[in-house]
Amino acid sequence: MEVNGNTFLITGAASGLGAATAERLVSAGGKVVLCDLSDAVRSHAEALGDSAVACSGDITSQEDMQAAVEAAVELSEGRGLAGVVHCAGVVSVAKLVNRDGTPADLDAYAKTIQINLVGTFNVMRLAAAAMAKNPPSDEGERGVIVNTASVAAFDGQVGQCAYSASKAGVAGMSLPAARELSRHGVRVMAIAPGVFETPMMAEIPDEAAAALAAAVPFPKRLGKPDEFARLAEQIITNTMLNGEVIRLDGGIRMQ
Ligand SMILES: NC(=O)c1ccc[n+]([C@@H]2O[C@H](COP(=O)([O-])OP(=O)(O)OC[C@H]3O[C@@H](n4cnc5c(N)ncnc54)[C@H](O)[C@@H]3O)[C@@H](O)[C@H]2O)c1
């Protein structure tokens, strides 16, 4: 799938990995709908010029995501929604049993699953239905979906039961979704980032961030959002990538 001249929906585009991906795809000649719960998405879209439009919305809402998909179809001027890079998500930390012996909050667990896992399925199903209507390329390709898992899907740490389960679900959906959507010429991939320098990670104390950077075999630093965006661009343009989860982590294995 070419980026140049095609239209992409980026969720979580007000911040971090999503914002960097929107920037990269526009600089490669693509058009983007920047979607986020946060209104900050408007200034990000304005900064990217005529190739970008903003769309406020919650990834767990059918109406909001349908509107985001339709905004992308409209922006495409007849070419259709070519791809989605789904970055919106939340991090959460909670122990199964607290220090005082009380069990973890069930609603908080369900909320993380609802946003990270159900939200991903919601974006994927609505985007795929729109992509299935696209005219196929010479090779029969109609679209590509790039989801965001996490290395926590594979090596989750203490307190990450909800986050790890949600991201393992995202990783687990890659292959069945790719298999099913192959008949429409739509590819599905996921990126599992290690630790990246984004506002999400800025919430952790400096010492903890330094320890995480030191735990990366090479390079000994946190990932930069544009390194995620470059992999998303490669997945979009490389038709052989399908049904897989790619770790992007400098070799880190969380302890
Ligand atoms: N930063 C990291 O180290 C890291 C590592 C592994 C995975 N990830 C994953 O990458 C993705 C992007 O993370 P980031 O670091 O850029 O975080 P971030 O907090 O900078 O950006 C996430 C964006 O998602 C938006 N969002 C949250 N809930 C939403 C909802 N219900 N509907 C619409 N938008 C919503 C937020 O408003 C925010 O702008 C997340 O799924 C995260 O779990 C990040």
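The following exercises, with worked solutions, concern helix packing in a predicted model.

**Exercise 1.** Determine whether the length of helix α8 (residues 225-237) agrees with its number of residues, and establish how its buried residues are arranged.

*Solution.*
Step 1. Helix α8 has 13 residues, which at 1.5 Å a residue should span 18 Å. The end C-alpha atoms of α8 are 19 Å apart, which agrees.
Step 2. The buried residues of α8 are Pro225, Phe228, Ala229, Ala232, Glu233, Ile235 and Ile236.
Step 3. Around the axis these residues cover an arc of only 160 degrees, which places them on the same side of α8.
Step 4. The elements against which the buried residues of α8 pack are α1 (16-27), β4 (81-86), β5 (143-148), β6 (186-193) and β7 (245-248).

**Exercise 2.** Classify the crossing of α1 and α8 from the angle between their axes.

*Solution.*
Step 1. The two axes come within 8 Å, and they cross at roughly 55 degrees.
Step 2. Because this angle lies outside the ranges for roughly parallel (under 35 degrees), roughly perpendicular (65 to 115) and roughly antiparallel (over 145), α1 is oblique to α8.
Step 3. The crossing in which α1 passes α8 is right-handed.
Step 4. On the α1 side, the residues that meet α8 are Gly16, Leu17, Ala20, Thr21, Arg24 and Leu25. Their partners in α8 are Pro225, Asp226, Phe228, Ala229, Arg230, Ala232 and Glu233.

**Exercise 3.** Carry out the classification for helix α4 (residues 106-131) and helix α5 (residues 161-181).

*Solution.*
Step 1. The axes of α4 and α5 come within 8 Å and cross at roughly 20 degrees.
Step 2. Angles under 35 degrees count as roughly parallel, so α4 is roughly parallel to α5.
Step 3. The crossing of α4 and α5 is right-handed.
Step 4. Residues of α4 that make the contact include Tyr109, Ile113, Leu117, Phe121 and Met124; among those of α5 are Tyr163, Val170, Met173 and Leu181.

**Exercise 4.** Describe the buried and exposed residues of helix α3 (residues 62-75), and identify what covers the buried ones.

*Solution.*
Step 1. The 14 residues of α3 should span 20 Å at 1.5 Å a residue, and its end C-alpha atoms are 20 Å apart, which agrees.
Step 2. Met65, Ala68, Val69, Ala71, Ala72 and Leu75 are the buried residues of α3.
Step 3. Viewed down the axis of α3, the buried residues fall within an arc of 155 degrees, so they line one face of the helix.
Step 4. Gln62 and Glu63, on the other side of α3, are exposed.
Step 5. The covering elements include β1 (7-11), β2 (31-36), β3 (52-56), β4 and α4.
Step 6. Just after α3, Glu77 adopts a positive phi of about 50 degrees.

Key
Residues numbered from 1 in each chain as written. Predicted model: local features only at pLDDT ≥ 70, side-chain atom pairs only at ≥ 80, totals over all residues. Helix = DSSP H or I, 4+ residues; strand = E, 2+ residues; numbered from the N terminus. Expected span 1.5 Å × (residues − 1). Buried ≥ 20, exposed ≤ 12 C-beta atoms within 10 Å, placed from the backbone. Arc of directions from axis to C-beta. Contact = placed C-beta atoms within 7 Å. Axes fitted to C-alpha atoms, helices over the stretch in contact; angles between N-to-C directions. Left-handed = near helix turned anticlockwise from the far one by under 90°.
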